[in-house]
Amino acid sequence: QVYLAPERRIDNMITQLYDSTSLLQMHVNVLEAIRIDYQEQRKKYLALAASVGLIGNSVSLAALYMVPTIWGFSATLSVSSILGAAGVYLYGNHLLGELREAMLTDNYLERTFSRLYVHELADGNEFVKALWIRVKRPITGTLSTVGIPNLIKVSNRDFNALENVLEDTVPSLRREASHLTRQRNEALQQAESETKVIDDGINGTWRKLKFKN
């Protein structure tokens with residue numbers, strides 16, 4: 001058991017690395033999905049507000065160009081368009097506020113998780129389910145503390161780095177640990193063999209001395 005202690009410690013460290021990286025990967029995946037959902041809605045409302053203002057002013061300018069005498073109507077239409085765009089923008093902000101509140105609920109988080117890990121859940125992957133139980137509360141804490149509008153985009157390089165740890169680094173470390181274990185076992189076997197030879201020699205010498213006496 002004493003000889004096995006270093007091996008177990010190395011194996012535990014490798015397992016801990018895999019576990020921590022898997023947790024971080026799921027944390028990042030869910031946060032990035034929420035960030036994308038939020039930013040898409042934000043862009044949609046901004047585009048709608050801009051369209052209202054742009055179309056109204058375009059019509060106003062076209063009418064003024066074609067019939068200069070109706071400049072009063074054109075001015076009114078232009079102001080109305082600007083006010084309409086401002087109203088759409090404010091309403092969009094109100095809807096975004098409701099969306100932020102919804103994104104903090106367990107229901108929304110569960111739906112996001114199920115969407116991202118649909119294949120793993122279909123296969124009954126218990127490891128992924130266990131990870132989600134552990135990571136859901138920290139994700140809620142991050143969303144509440146940092147704020148959904150302030151979430152930073154995760155680069156492909158960062159995603160690839162996490163995937164590389166799981167797919168390349170951890171397996172490589174396990175192979176190296178297995179190789180070292182085999183070398184240690186071979187060294188122990190050789191030491192035991194040499195010890196046996198020495199013990200046999202000592203015992204043989206002892207029997208000869210005992211026989212002579």
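## Burial and overall make-up

A residue is called buried when its relative accessible area is under 20%, exposed when this area is over 50%, and partly exposed in between. By that rule, buried residues make up 25% of the 213 residues in the protein. The structure discussed here is a predicted model.

The protein contains 6 helices and 0 strands. Followed along the sequence, its elements give the pattern α-α-α-α-α-α.

## Helix α3

Helix α3 runs over residues 106-116, and its buried residues include Tyr108, Leu109, Thr112 and Phe113. Where do these residues sit around the axis of α3? They are on the same side of α3, because they cover an arc of only 135° around the axis.

Threonine 112, a residue of helix α3, can be looked at in more detail. It has a relative accessible area of 2%, so it is buried. In sequence, threonine 112 is 78 residues from isoleucine 34, while in space the two C-alpha atoms are 7.6 Å apart.

Glutamate 110 has a relative accessibility of 28% and therefore counts as partly exposed. The value falls between the cut-offs of 20% and 50%.

## Salt bridges

Side chains of opposite charge can pair when their charged atoms come close. How many salt bridges does the structure hold? There are 6 salt bridges in the structure, and three pairs are described below.

One salt bridge joins the side chains of arginine 134 and aspartate 19, with a distance of 2.8 Å from N to O. Arginine 134 belongs to helix α5 and aspartate 19 to helix α1, so this pair ties together parts that are 115 residues apart in sequence. Arginine 134 is partly exposed, because its relative accessible area is 45%. Another salt bridge is formed by the side chains of lysine 136 and glutamate 110, also with an N to O distance of 2.8 Å. This pair links distant parts of the chain, since lysine 136 is in helix α5 and glutamate 110 is in helix α3, 26 residues apart.

Glutamate 32 and arginine 35 also form a salt bridge, in which the closest N and O atoms are 2.9 Å apart. Why are glutamate 32 and arginine 35 separated by about one helical turn? The reason is that they are 3 residues apart in helix α1. Are these residues buried or exposed? Both glutamate 32 and arginine 35 are buried.

## Arginine 137

Helix α5 also contains arginine 137. This residue is exposed, because its relative accessible area is 73%, a value over the cut-off of 50%. Arginine 137 and aspartate 106 are 31 residues apart in sequence, and their C-alpha atoms are 9.5 Å apart in space.

## The largest pocket

The largest pocket has a volume of about 210 Å³. Its lining consists of 13 residues. Which of them lie nearest the centre of the pocket? They are Tyr18, Ser22, Gln25, Phe127 and Val128.

Three elements give two or more residues to this lining: α1 (5-66), α5 (126-146) and α6 (156-212). Of these, α1 gives the most, with 4 residues.

## A nonpolar surface patch

Which residues make the nonpolar surface patch of about 280 Å²? The patch is made by Leu46, Tyr89 and Leu90.

Tyrosine 89 is located in helix α2, which spans residues 71-103. With a relative accessibility of 39%, tyrosine 89 counts as partly exposed. Residues in a patch must have over 30% relative accessible area, and the 39% given for tyrosine 89 is in keeping with that.

Terms used
Residues numbered from 1 in each chain as written. Predicted model: local features only at pLDDT ≥ 70, side-chain atom pairs only at ≥ 80, totals over all residues. Heavy atoms only, no water. Patch = residues over 30% accessible without salt bridge, like charges linked within 9 Å, V, L, I, M, F, W, Y side chains within 5 Å. Areas by Shrake-Rupley, 256 points an atom, 1.4 Å probe, with all protein chains shown as cover. Salt bridge = Lys/Arg side-chain N within 4 Å of Asp/Glu carboxyl O. Buried < 20%, exposed > 50% of the residue type's maximum accessible area, 1.4 Å probe, protein only. Arc of directions from axis to C-beta. 1 Å grid on protein atoms, 1.4 Å probe; cavity = no way out; pocket = protein on both sides within 12 Å on 5 of 7 lines; lining within 4 Å. Points joined across faces, edges and corners; volume = space filled by probe spheres on them.
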